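I opened this entry to look up how the aromatic rings are arranged with respect to one another. My plan was to go through the ring pairs in turn and then to check what else lies against the rings.

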Amino acid sequence: MLLAFGILKRPTAAEWNVLFWAIFLLFVGFGAVCLYYGYRAPAEKAEEAARLIRGGYTFIAAGIVMVVIRRFFTGFSG
C-alpha cells in the first residue's frame, strides 16, 4: 500500500547488491565468531564447543552457498 502512494520506492539493483553483501558478511562473521569461541572453549564445555564449531562451519557454508547461487542466477560474467 505504501508503494501505491510513492512513500516507499522499490529498491534498485545497487541497493539489493548492498543488502546481499551485508547479509553475507553477517553469516560469515557470525560463523567466524562461533568458530573462535568453539575452539577457545575450555575442556569442561566440550559439548557446547562442538555445537559452536558445527554452527560456525554451517554459517560459513551457508554464506558460500548464497554467493554460488547468486552467481548462478546472475551469470558469471562479472
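I first took the count, which comes to 6 aromatic pairs in what is a predicted model.

I then looked up Trp21 and Phe24, whose rings form an edge-to-face pair at 5.3 Å centre to centre, with 85 degrees between the planes. Both residues belong to helix α1 (residues 13–40), and because they are 3 residues apart there, about one helical turn separates them. For the surroundings I noted that Trp21 is partly exposed at 34% relative accessibility, whereas Phe24, with a relative accessible area of 16%, is buried, since buried means under 20%.

My next entry concerns Phe30 and Phe59, an aromatic pair that is also edge-to-face, with 4.8 Å centre to centre and 80 degrees between the planes. Here Phe30 lies in helix α1 and Phe59 in helix α2 (residues 46–74), so this pair ties together parts that are 29 residues apart in sequence. I recorded Phe30 as partly exposed, at 44% relative accessibility, and Phe59 likewise as partly exposed, at 30%.

Returning to Trp21 and Phe24, I found that ring pairs link them with Phe20 into a cluster. Which residue has its charged end over the ring of Phe20? I noted that it is Arg70, whose charged end sits 4.7 Å from the centre of that ring.

Methods:
Residues are numbered from 1 along each chain as its sequence is written. This is a predicted model: local features need pLDDT of at least 70, side-chain atom pairs count only at pLDDT 80 or more; totals for chains, interfaces and linings use all residues. Side-chain values use heavy atoms; hydrogens and water are left out. Rings of Phe, Tyr and Trp (its six-membered ring) pair if their centres lie within 6.5 Å; planes under 30 degrees apart count as stacked, over 60 as edge-to-face and the rest as tilted. Helices (H or I, at least four residues) and strands (E, at least two) are DSSP runs, numbered from the N terminus. Buried means under 20% relative accessible area, exposed over 50%, partly exposed in between (1.4 Å probe, protein chains only). A charge sits over a ring if NZ of Lys or CZ of Arg is within 6 Å of the ring centre and within 35 degrees of the ring normal.
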